[in-house]
Amino acid sequence: MDLRSDTVTQPTSAMRDAMIRADVGDDVYGEDATINALEQRVARWLGKEAALFCSSGTQSNLLGLLSHCRNGEEYIVGQEYHTYRYEAGGAAVLGGIVPQTIEVEADGTLSLDTIAERIKPNDPHFPITRLLAFENTHAGHVISQDYFIRARTLAEQHGLRMHLDGARLVNAMAATQLTAAELAEPFDSVSVCCSKGLGAPVGSLLAGSADYIARARRWRKMVGGGMRQAGILAAAINYALDHHIERIRDDHDNAQWLANALKARCEHSDIVVSEARTNMVYLTLPSLELAQSLKHFMEPHHIKIGAAKKLRLVTHLDISRDDLERFVALFEDFLKS
Ligand SMILES: *Cc1c(COP(=O)(O)O)cnc(C)c1O
């Protein structure tokens with residue numbers, strides 16, 4: 001049982017069968033039929049002109065930023081958003097793109113007033129502000145569509161573009177009942193991960209206008225992301241889009257059940273349990289030492305969790321309600337010990 005992340009899922013045997021049967025070709029020559037079909041499918045799904053298969057969400061976001069901003073241009077981004085904090089500074093290192101970070105609000109958004117203050121006027125002292133970069137879901141929070149529509153109005157007033165890191169867009173879909181295209185609508189570009197809740201082994205897609213995706217395709221080649229018979233991976237994603245979207249609700253129900261069960265057990269302890277946020281529950285522990293001893297307590301039971309004062313538990317394809325019942329029973333033993 002691995003509750004650290006939804007990236008840890010194993011491809012199912014039906015998914016592996018789909019991979020074996022994939023029709024493949026050289027995708028750098030544009031000849032992989034399975035990749036071509038997947039890119040068209042995802043473009044339609046997100047309501048954009050074109051899409052590009054990428055090796056990871058980090059690569060898809062990187063190409064996304066590089067295709068919007070030139071060196072010396074700036075993107076405005078959350079301090080805790082993946083495109084700033086968790087991508088090794090790729091946009092700055094490889095693109096000379098300047099990040100302007102903003103503290104993330106408790107609900108996962110960025111204050112639109114603060115964004116407006118940070119947008120640079122046209123003055124040779126300043127980098128040129130080009131892009132607003134958002135995330136949905138962020139740390140499990142679903143961001144309201146109304147917020148993004150207001151952000152879009154602000155972006156248009158200043159001639160800025162908008163990128164969405166939709167690594168977990170399918171979780172936002174399940175939580176809001178909106179379609180992928182509706183969620184993607186306010187954005188010029190969207191990145192989605194297929195190796196998280198969707199349960200595919202590898203791959204993300206970037207979507208946007210045809211011109212934009214043509215630029216991203218050149219960048220992808222430059223950073224070594226042009227793969228050959230990659231249709232074998234696209235087949236797994238196609239399978240996931242057919243069979244694993246509806247079931248995301250089970251992950252959310254499981255996270256809800258887990259949050260309630262842990263809350264009941266923690267009432268008289270100094271551990272604080274968050275509300276379930278999509279497929280995540282956060283525990284706030286009084287010390288790192290306690291977090292480490294919880295982790296060590298679970299290890300002999302073949303349960304993997306992280307060790308942090310703010311500890312994330314994540315539900316996914318390979319976590320059943322029975323698993324969570326076993327986890328909660330052990331958690332109770334830990335509290336007693
Ligand atoms: C996981 C994740 C990504 C992409 O990560 P990769 O491991 O490179 O696929 C991007 N953004 C967010 C918010 C993520 O959680």
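Visitor: Which residues does the UniProt domain annotation cover?
Guide: Residues 2-283. The unreviewed UniProt entry labels that span "Aromatic amino acid beta-eliminating lyase/threonine aldolase". Keep in mind that this is a predicted model.

Visitor: How far apart are the end C-alpha atoms of that span?
Guide: They lie 16 Å apart. Residues 2-283 are 43% helix and 16% strand.

Visitor: Switching to pockets. How much space lies in the largest one?
Guide: About 810 Å³. Its lining counts 37 residues.

Visitor: Which of those are closest to the centre?
Guide: E80, Y86, H138, A139 and Y282.

Visitor: And which elements give two or more residues to that lining?
Guide: Two helices and two strands: α3 (57-66), α4 (82-85), β9 (280-284) and β10 (310-314). The largest share comes from α3, with 3 residues.

Visitor: What's the mix by class in the largest pocket's lining?
Guide: Polar residues number 17, charged ones 11 and nonpolar ones 9.

Visitor: Which domains does that lining draw on?
Guide: Domain 1 (13-243) and domain 2 (247-336) each supply at least three residues.

Visitor: OK, the second largest pocket. How much space lies there?
Guide: About 180 Å³.

Visitor: What lines the second largest pocket?
Guide: A run from L66 through S67, H68, C69, R70 and N71, plus G95, R161, R215 and W219.

Visitor: How do the residues of that lining divide by class?
Guide: Into 3 nonpolar, 4 polar and 3 charged.

Methods
Residues are numbered from 1 along each chain as its sequence is written. This is a predicted model: local features need pLDDT of at least 70, side-chain atom pairs count only at pLDDT 80 or more; totals for chains, interfaces and linings use all residues. Side-chain values use heavy atoms; hydrogens and water are left out. UniProt positions are given in the numbering used here, feature names are shortened, and annotations may be inferred rather than shown by experiment. Helices (H or I, at least four residues) and strands (E, at least two) are DSSP runs, numbered from the N terminus. On a 1 Å grid over the protein atoms alone, a cavity is a set of points where a 1.4 Å probe fits but cannot get out, and a pocket is an open set with protein on both sides within 12 Å along at least five of seven lines; lining residues have an atom within 4 Å of a point. Grid points are joined across faces, edges and corners, and a volume is the space filled by probe spheres set on the points. Ala, Val, Leu, Ile, Met, Phe, Trp, Tyr, Cys and Pro count as nonpolar, Asp, Glu, Lys and Arg as charged, and the others, Gly among them, as polar. Domain bounds come from an automatic or database domain assignment.
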